[in-house]
Amino acid sequence: MITFVPEPHLLDSPRGRHWPHLPVPGVGTAPVPAAVDAVIVGGGPAGLAVASALWHHGVEDVLVLDSADQPCGRFFARIDLLRQRILRSPYEHHPGVEGYRDCELLDFARLHWSLLTPVERREVRMAQAGHRSVVPVDVFEAYCRHIIAGHHVDERYRRATVREVRPAADAVTVRTDTFAVDARFVVLCTGEERRLAPREWWGGGAPPPRVGYWDEPAAAGAGQLVVVGAGLTAAHLVTNALAEGTRVHWVVREDVERYQCADVNSSFFRPEGRARFGRVKWDDRLELMNRFRRASVMFEFRPRFQQAEAAGRLVVHRGRTVERVHDVPGDSAVVRLGDGEQVIGDRVALAIGTAPSIGEGLLPEAAVAARDGWPDLDDRTLAYRRAPRVFAVGAAAGMALGPAARNIDGHRVATARVAAAVAAGLRDGCAAPIPGLPDQVAAHV
Ligand SMILES: Cc1cc2nc3c(=O)[nH]c(=O)nc-3n(C[C@H](O)[C@H](O)[C@H](O)COP(=O)(O)OP(=O)(O)OC[C@H]3O[C@@H](n4cnc5c(N)ncnc54)[C@H](O)[C@@H]3O)c2cc1C
C-alpha cells in the first residue's frame with residue numbers, strides 16, 4: 001500500500017496579505033435595544049455561521065455579543081499566538097451557510113488567485129479535484145471578513161461579556177457586563193476553553209511562574225522547553241520552539257503520537273457518520289466521543305519532528321503521564337513523570353486540550369442539566385430541553401451531532417437546524433420544533 005504523506009512546506013503560508021474586501025461599516029455602535037428577536041452569544045466561526053444563516057432566513061433583529069473586539073477575534077488571536085498558518089479543515093469546511101449558494105471558501109480562493117503562492121494554488125487545484133487540501137489561515141480570515149460584510153454581521157456585533165442568560169416562558173434575558181437585553185431566542189456559540197491541569201500537578205490555582213498554558217503569550221527564547229500534550233496545539237509549540245533553536249522535550253501520554261489529516265474520523269463530517277452517532281444511546285455516544293476526540297497532529301509535522309528527534313533537538317517522552325509540575329525558583333521548571341523521571345526545562349507549556357463551554361455559569365444549572373459534562377439538548381433543534389428558547393452551536397452540541405460538532409463543518413450542520421428552529425419560532429410565535437424533521441432519533445437519556 002502506498003501512503004501519501006503531505007509535506008511540511010504546506011504548513012508555511014504567508015500571513016497578513018492585503019485582500020480586497022467589501023466595504024464594512026465597522027462594529028455596531030448604535031444603542032443596544034431593550035429587546036431583540038435573537039441574541040447570539042459568541043461571535044466566533046460558529047456565531048458567524050448562525051448570524052449569516054439567520055440573515056438568509058430574513059431574521060434581521062439580531063445581536064451578536066462577544067468579549068473580543070471583532071467577529072472571530074478570539075479564533076484568530078489563538079491561531080496567531082500559535083503561529084499557525086494553515087487550517088486543519090479542508091476547503092469545503094467554511095462558515096458559509098449550508099443550503100445557500102453564497103460564494104464558498106474555494107470560490108473565494110479562486111477569485112483571489114493572483115494573491116496565492118504556487119503552493120497555495122496547487123492546494124486549490126487539489127480541492128477542486130476532490131482531494132484533501134489545506135487552507136491558508138490568511139485566506140480563511142479574508143473569507144470570514146467577506147461573510148461578515150456580506151451578511152451584515154458587523155452591524156449586529158457588540159463587544160460585551162455575557163454574565164447571565166435567564167430563560168423565561170416568553171423570552172430570555174441576557175445580562176452582560178454593561179447592559180441587559182431581552183431576546184425571543186438565544187443561541188450560545190461560546191466555543192471551548194483551555195482544559196485546566198489536574199489539581200495534583202501543583203495543587204490547583206494559577207500555574208507556577210515558569211509554567212503556562214498554550215493560549216497565554218510566553219517569553220521567547222528559552223534554552224529548553226517542555227511541551228505537555230499530543231494535539232495540534234502542542235505540535236505548533238514544538239515547531240515554534242525548534243525554529244527558535246530551543247531544545248524541546250515533548251511529553252505524550254499515549255505510546256506513540258498520532259498523525260492524521262483531520263482531527264476526527266472524517267466519516268463524522270458526513271451525514272452517514274452523524275446518522276451512525278444519532279442512532280445510538282447516550283453511553284455509546286459517550287464511548288464514540290471518547291474514542292474519536294483524541295489528540296492528533298497533522299501529517300505535515302511528521303518529517304520535521306522525525307528529523308529533529310534524530311538530531312537530538314527533540315526528545316519525545318512517549319507513553320508517559322505527568323505526576324507533578326513545579327518551579328525551581330529563579331532557575332527552571334520540572335515535570336515529574338509517572339515513572340519518577342524528571343524532565344527539566346526553562347519553561348513548561350501545557351497544551352492538554354480544551355473543554356466545551358456548555359452554558360454552565362450562564363444558564364441556571366437546571367436548564368443545562370449537565371450529564372458527563374454535556375448539556376441536555378434536543379437532537380433535532382439543539383435547543384436546551386429545559387430551556388427551549390436557548391440553543392447551542394459548536395463544541396457544546398457534541399452529544400447531539402457527534403465528534404465533528406466543534407469543527408467548522410459541524411457548525412454548519414448545527415446552524416442549519418438552529419437557524420430553521422429560530423426562524424420557525426419567530427414566525428409561529430413559540431419555541432417550536434423544526435417542522436419536517438424526523439422525530440428525535442433515540443431516547444438516549
Ligand atoms: C488554534 C486552533 C486551531 C483550530 N483549527 C481548526 C481548524 O482548522 N478547523 C476546525 O474545524 N476547527 C479548528 N479549531 C477548533 C476551533 O475551536 C473551532 O473550529 C472554532 O474556533 C470554533 O468556533 P466557535 O465559534 O465555536 O468557538 P470560538 O472561536 O472559540 O468562539 C467562541 C466565542 O465566544 C466568545 N465567548 C465565550 N464566552 C463568552 C461570554 N460569556 N461572553 C461573550 N463572549 C463569549 C469568545 O470570546 C469567542 O470569540 C481550532 C481551534 C484552535 C484553538
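**Notebook: strands, two single residues and a ligand**

I opened this predicted model at strand S16, residues 342–345, and found two faces: Val 343 and Gly 345 form the covered one, while Gln 342 and Ile 344 form the uncovered one.

**Entry 1: the neighbour of S16.** Next I looked up what pairs with S16. Strand S15, residues 332–337, is joined to S16 by four bridges, and the two run antiparallel. I noted one pair by name: Arg 336 has Gln 342 in S16 as its bridge partner. Gln 342 is also on the uncovered face of S16. S15 and S16 form a hairpin with four residues between the strands. Which residue there takes a positive phi? I found Gly 340, with a phi near 95 degrees.

**Entry 2: Glu 323.** Arg 336 led me on to Glu 323, since I saw the name again in a contact list. Glu 323 sits in strand S14, which spans residues 322–328. Leaving aside neighbours within four places in sequence, I found Glu 323 in contact with Glu 200, Trp 201, Arg 336, Leu 337 and Gly 338. Is Glu 323 buried, partly exposed or exposed? Its relative accessible area is 40%, so I wrote it down as partly exposed. I also checked a distance: the C-alpha atoms of Glu 323 and Asp 409 are separated by 36 Å, and the two residues are 86 apart along the chain.

**Entry 3: Thr 239.** Now a helix. Thr 239 belongs to helix H7, residues 232–243. Its relative accessibility is 15%, and because buried means under 20%, Thr 239 counts as buried. What does Thr 239 touch beyond its neighbours within four places in sequence? I listed Phe 301, Arg 304 and Phe 305.

**Entry 4: strand S20.** I then turned to S20, residues 387–392, and found it mostly covered, with five of its six residues buried. I looked up two partners.

- Strand S8, residues 180–188, runs parallel to S20 and is joined to it by three bridges. Here Val 186 stands opposite Val 390.
- Strand S19, residues 383–384, runs antiparallel to S20, with two bridges between them. Here Ala 383 stands opposite Phe 391.

How many residues link S19 to S20 in their hairpin? I noted two.

**Entry 5: around the ligand.** I kept the ligand for last. There are 27 residues around it, and Asp 66, Arg 74, Arg 88, Ser 89 and Ile 408 come nearest. By class I noted twelve nonpolar, ten polar and five charged residues in this shell.

Where in the chain do shell residues come from? Helix H1 (45–56), strand S2 (62–66), helix H2 (73–81) and helix H13 (408–428) each supply at least two of them. H2 gives the largest share, four residues.

I wrote down three atom distances as well. A backbone N or O atom of Ala 46 lies 2.9 Å from an oxygen atom of the ligand. In the side chain of Arg 74, an N or O atom is 2.8 Å from a ligand oxygen atom. For Ser 89, a side-chain N or O atom is 2.7 Å from a nitrogen atom of the ligand. How much of the ligand does the protein bury? Taken alone the ligand exposes 960 Å², and the protein buries 92% of that.

Technical notes
Residues are numbered from 1 along each chain as its sequence is written. This is a predicted model: local features need pLDDT of at least 70, side-chain atom pairs count only at pLDDT 80 or more; totals for chains, interfaces and linings use all residues. Side-chain values use heavy atoms; hydrogens and water are left out. A residue is near a molecule or strand if one of its heavy atoms lies within 4 Å of it. A polar contact is a pair of N or O atoms within 3.5 Å; within protein, one must be able to donate a hydrogen and the other to accept it, and residues adjacent in sequence count only if both atoms are side-chain atoms. Accessible areas come from the Shrake-Rupley method with a 1.4 Å probe; for residues, only the protein chains shown count as cover. Ala, Val, Leu, Ile, Met, Phe, Trp, Tyr, Cys and Pro count as nonpolar, Asp, Glu, Lys and Arg as charged, and the others, Gly among them, as polar. Buried means under 20% relative accessible area, exposed over 50%, partly exposed in between (1.4 Å probe, protein chains only). Two strands pair if DSSP finds at least two bridges between them. Contact means heavy atoms within 4.5 Å.
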